[in-house]
Every structure is written in structure tokens, then in C-alpha cells.
Amino acid sequence: MTEEKMRFEAEVSRLLDIVVHSLYSNKDIFLRELISNASDACDKLRYEAIAKPDLLAGDADFKVRLLTDNVRNVLTIADNGIGMNKEDLVENLGTIANSGTAKFLDAVSKSDNAKDVDLIGQFGVGFYSAFMVANKVEVVSRKAGDDQAWKWSSDGKGEYTIAEAEMEGRGTQITLHLTDDNKEFTDEHRLRHIVKTYSDHIGIPVVLMKGDGDETLNEASALWTRPKSEITEEQYKEFYKHTSHAFDDPWKTIHYQAEGAIEYTGLLYLPTMRPFDLYDPQRTGHLKLYVRKVFITEGANELLPPWLRFVSGVVDSQDLPLNVSREMLQDHPLLTKIKNGLTKKVLSELETAAKKDTEGYETFWENFGSVVKEGLYEDQTNRDRILKLARFRSTHGDGWTTLADYVERMKDGQKAIYYISGEDIDALKRSPQLEGFAAKGIEVLLLTDPVDEFWMPSVGQFDGKDFKSVTRGGADLNDIKSDDKDDAKDEKKDDAANEASVSALIAAIKVALGSGVKDVRESDRLTSSACCLIADEMGMDLRMERLMKQHNR
Ligand code: ADP
Ligand code: MG
């Protein structure tokens with residue numbers, strides 16, 4: 001039989017190198033990864049079989065089987081899922097499709113910092129984790145609908161081989177030749193424990209094949225279909241890691257049943273840590289859509305608006321037709337209703353957290369606030385609720401403030417909500433533009449997210465008060481009463497006395513700067529600095545102008 005030798009893509013070799021010199025302190029998770037892939041493969045076939053029932057070839061009883069051989073130190077994980085043909089094997093087990101993994105490699109290779117090693121926790125290395133415990137891995141696979149099976153084999157050192165193989169029925173068998181120090185993974189107790197810990201939530205049976213009768217090791221019912229009271233926190237966490245490809249713990253777990261006009265089950269997670277690829281345009285979210293327990297699709301914008309793209313989990317609809325194609329989903333009216341329902345649910349969960357768990361909420365906001373704020377211009381319907389959820393840095397203390405609290409603290413005669421924006425909070429605090437405001441005790445919001453430039457113009461107001469940039473022309477401080485009234489009177493007197501000489505000075509400066517500036521004006525807003533730059537009342541905010549320049553270059 002002919003055997004083809006192939007080289008791993010360079011990134012795979014690098015990844016394997018990291019995996020083998022195990023950065024994972026917890027080797028058990030290789031089994032979780034392989035069982036998770038097996039379960040995904042069954043999900044995929046179940047979906048394909050809706051349109052092509054023949055693919056099932058009479059075997060609709062999806063299962064993952066574990067076989068051990070403690071004489072040869074071999075562990076086999078077998079499934080009857082969709083299987084892989086030759087091209088699939090080359091594509092899936094020889095390259096890195098996941099853009100996140102490639103990014104991770106870049107991050108790790110650029111630094112030897114021990115802290116970055118922790119980073120790996122964020123990145124699932126999936127199939128390749130098999131090489132943490134095995135020095136030889138064989139994958140025999142036959143794709144549903146094909147007659148020919150293929151065998152992929154590698155010692156994880158740069159090359160793999162592919163050859164024709166024999167296999168009864170469809171699916172994938174992964175055989176791990178365990179290294180001497182990993183013999184324990186043929187031990188039944190060990191496997192039972194690992195499956196219970198990491199894979200209990202898997203919706204299909206994980207069966208340990210034993211001489212004296214097979215044993216199903218997991219609960220084997222999809223987690224979200226079980227009653228809340230029967231699910232432990234640990235199980236919720238493991239399911240989060242499985243569906244979200246995440247390695248942190250969820251900050252919030254929202255499991256509920258929507259009843260009435262539309263019926264669905266939602267199991268939603270809000271993460272603790274910010275996913276590294278949150279701003280990657282190619283990122284697909286990790287919210288999975290099921291229709292009556294059949295997996296349909298993952299990560300589509302149809303389920304949640306982009307400003308909630310960090311939410312992961314599962315939505316299982318009772319009402320959508322099973323034969324709904326992924327393409328048809330786009331404007332399915334039922335899905336729009338589900339999307340609105342999910343959005344409202346997440347919003348109310350955030351509102352509760354903001355009230356009851358201020359510290360947790362502020363951490364959430366630190367991680368995801370810049371994404372949530374996209375909703376301020378993209379989601380008119382929910383704008384007001386998002387504005388109330390928004391938190392800001394300001395010249396009032398070091399913490400976060402709400403807009404409502406800002407309004408509470410507004411001075412007599414103050415009509416606008418003042419803000420200044422820039423890249424760096426400390427630089428902003430030192431801005432000369434703030435001096436006049438500081439002297440009168442007027443609070444100014446400090447905005448450092450690029451997204452602020454986009455929602456600010458479209459939102460315009462909060463609670464009937466305009467947002468106003470302090471770098472704009474007319475921020476007239478005279479109408480606003482300062483904390484110390486005598487001070488203000490003194491200023492007026494001085495102004496009158498100096499009026500003539502100030503006019504002369506301004507004229508001289510105008511001549512000196514020429515067309516470099518539009519105007520030179522006397523200002524109330526400075527107390528210790530001699531001058532500052534401001535934008536025209538009608539013109540662009542200074543930071544916006546800078547951002548635009550950067551983009552046009
Ligand atoms: P991920 O699961 O995140 O896609 P993995 O490294 O775990 O990444 O797996 C890579 C790919 O290999 C999978 O996306 C899938 O296409 C394929 N694959 C892995 N295991 C199986 C399996 N048991 N059956 C079918 N395909 C599989
Ligand atoms: Mg995987």
C-alpha cells in the first residue's frame with residue numbers, strides 16, 4: 001500500500017513543539033479536546049443528514065467509544081460522526097485553520113516571558129493536544145457517504161503520513177500510543193474521572209468498552225436540556241469551555257426558557273476575560289444555534305447584535321423548522337424575535353449586575369465596555385438602556401461614573417455634559433483645556449476609546465443634556481457658577497483692566513501664527529497654562545481630526 005509523506009505547516013510544527021514541552025500543567029484535557037471533536041463530528045453529520053438521510057446508513061445512534069489496551073499502552077477514541085476524507089485530513093490535521101491559534105503562536109514566539117505562557121490557556125490547541133501524552137498518533141477515518149477510509153499517522157515531529165486504510169462504517173478512530181509516563185490514561189478509573197469532570201455535558205454517550213460489558217461514563221444529555229436544579233456550577237463551567245473555546249471561567253451564566261410567542265432555551269455566558277480576538281473582523285462568535293437539539297450553526301450575527309459578540313453559549317429553538325438552511329436563517333422572522341429576546345435578556349442581566357455587583361460589573365465594563373458602546377450607534381432600540389449601562393472615567397475621582405451620577409453633580413447653570421477625548425487618561429487629565437473647568441469645579445468625562453468618537457455625534461444627549469467637547473469653541477464657562485464666587489468677581493475686574501493689552505497681544509499672536517490657525521481668542525478656560533488648542537464650535541473635535549488624519553495618512 002502506498003504511503004504519502006507530508007510535512008506539517010510550519011505553524012503546526014511550532015505549535016507541536018510548545019505542546020510537547022507541555023505548557024499545559026493539566027494533561028487530562030487532551031481527552032476533553034478529542035471527545036469534544038468527536039461530538040462536533042456527530043453534530044455535523046446530524047445536520048447534513050437532515051437534507052441527505054442516506055448519509056446515516058442506518059446508524060443514527062451517535063456515540064464516542066473509548067478502548068484501552070494496557071499491554072501496548074494504547075488508548076483509542078472512536079466516533080461515528082461525519083468522518084474525514086484524505087483532503088479533510090490534510091487540511092484539518094496538517095495546518096492551522098484557526099486564526100486565533102496562529103495569533104497565539106506569534107504572541108508566544110515573540111516573548112519568553114513566563115506570564116505569556118499563561119496565555120496558552122486562552123487558546124485551545126485542540127487535536128494537537130494528543131501529543132501531550134502520545135509519541136505516536138494514528139487517525140483512521142471514513143467520511144459519511146464514502147467507501148474509502150484513510151489513515152493519518154504522525155510522531156508529531158514535523159511530518160505525517162497518509163495512506164489508504166480499511167474501516168467498517170463511517171467515522172473517526174484516533175489511536176494514541178502513550179508515552180511511558182502517561183500509561184495512566186489506560187486506567188479505567190482515571191478515564192471515568194476525566195470524562196465525568198470535563199465531558200459530562202456532552203450530548204451523546206461516551207462509552208468505555210470493557211470485556212465485561214460497556215459502561216457509559218457521562219450523563220449523555222445535552223446540558224441545556226436538563227433542569228437547572230440538576231446542573232452543578234462545575235458542569236456549567238465545563239460546558240462554557242466546550243462551547244466557547246474559552247479557558248477562563250464565565251462571569252455570568254444565564255440559563256432560561258423563553259415561553260409564549262416563541263419558545264427557546266438559552267444558555268448564555270458572559271466571559272470574565274476579554275477574548276484576544278474581540279476586534280478581529282474575521283472572528284466568529286461562539287453562540288450556537290440548535291433546533292430541537294440538532295446543531296444548525298455557530299457564531300452567526302443572526303442571533304445577537306455585534307455589540308454583544310462576546311456572549312457565547314447555546315440557543316435551542318422549538319419553533320424553527322429543522323430543515324432551515326444556514327442561508328435561510330439570515331432574515332428568518334422567528335430568528336429576529338429570538339435575537340431581540342436574547343438581547344433584552346443580556347441587557348437585563350447586565351442591569352442587575354450593575355446594581356448588585358458593582359465591582360464585577362466595572363471589571364466587565366473595563367473588558368467589554370468599548371464593544372458595548374458600539375451599540376450606542378448601531379442599536380437605536382436599546383440605546384437608552386446602553387447609555388445607562390455605560391461607565392466613564394472623569395475628573396471626579398479615579399473610579400467609574402454613570403451619566404446619571406454626572407448629571408447629579410452638575411453645577412448651577414451648567415447645561416451640557418462636558419467631555420474630552422484622547423488616547424491616554426493621564427495625558428487627558430493634564431490637558432490645559434481642562435483648567436477653566438477645574439477652576440469652577442466642573443466635572444469633565446475623560447474618553448479614551450476610539451469608539452467614543454463614533455457614538456458621541458449620533459447620541460448627542462443624555463437626559464436632555466447635550467454632550468459637549470471641551471476642545472470646542474464656545475464652551476462658555478461664564479454662565480456656570482463656580483464653587484468660589486469671589487474668585488469669579490476678581491477675574492472680571494482683572495479682565496477689564498487688562499482688556500487693552502490682551503487685544504494687542506492677540507493681534508501680535510495672529511500675525512505670528514498666520515494661516516496656521518483659524519482664530520486666536522481670549523479664553524476663560526485656562527488658569528495656569530498660557531494657551532491651548534481648541535476646535536471650532538462647528539468643526540471636528542480635535543481627536544476626531546487626529547483619527548481621520550491617521551486613517552488617510
Ligand atoms: P477545532 O475543534 O477548534 O476546530 P481541532 O484542532 O480540535 O480544532 O480540530 C481540527 C479540525 O479537525 C476540526 O475542526 C475538524 O474539522 C477536524 N476533526 C478533528 N477531530 C475530528 C473527528 N473526530 N471527526 C471529524 N473531524 C475531526
Ligand atoms: Mg476541537
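Helices (H or I, at least four residues) and strands (E, at least two) are taken as DSSP runs, numbered from the N terminus. The structure is a predicted model, in which local features need pLDDT of at least 70 and side-chain atom pairs count only at pLDDT 80 or more, whereas totals for chains, interfaces and linings use all residues. Residues are numbered from 1 along each chain as its sequence is written, and chains are lettered from A and ligands numbered from 1 in the order in which they are written.

The model contains an open sheet of 9 strands with mixed pairing, in the order β1-β6-β5-β4-β7-β3-β2-β8-β9, where two strands are said to pair if DSSP finds at least two bridges between them. The edge strands of this sheet are β1 and β9 (215–216), each of which pairs on one side only. Helix α2 packs on the sheet, where it touches β2, β3, β7 (171–178) and β8 (206–208), and its direction makes about 20 degrees with that of β3; axes are lines fitted to C-alpha atoms, for helices over the stretch in contact, and angles run from 0 to 180 degrees between N-to-C directions. Strands β2 (residues 64–69) and β3 (residues 74–79) are joined in the antiparallel sense over 6 bridges, with Leu66 standing opposite Ile77 in β3.

At one edge, β1 pairs with strand β6 (residues 159–165) in the antiparallel sense over 5 bridges, and Met6 stands opposite Tyr160 in β6. Of the 5 residues of β1 (residues 3–7), the number buried is 0, so this strand lies largely in the open; a residue is buried if 20 or more other C-beta atoms, placed from the backbone, lie within 10 Å of its own, exposed if 12 or fewer, and partly exposed in between.

Within helix α2 lies Ala38, which is buried, with 27 other C-beta atoms within 10 Å. Leaving aside neighbours within four places in sequence, Ala38 is in contact with Val64, Ile77, Asp79 and Gly81, contact being defined by C-beta atoms, placed from the backbone, that lie within 7 Å. Ala38 and Val64 are 26 residues apart in sequence but 6.6 Å apart in space, C-alpha to C-alpha.

Ligand 1 is surrounded by 16 residues, of which Asn37, Ala41, Asn92, Gly126 and Phe127 come nearest, a residue being near a molecule if its C-beta atom, placed from the backbone, lies within 6 Å of it. Both α2 (29–51) and α3 (86–94) supply at least two residues of this shell, and the largest share, 4 residues, comes from α2.

Terms used. Contact = placed C-beta atoms within 7 Å.
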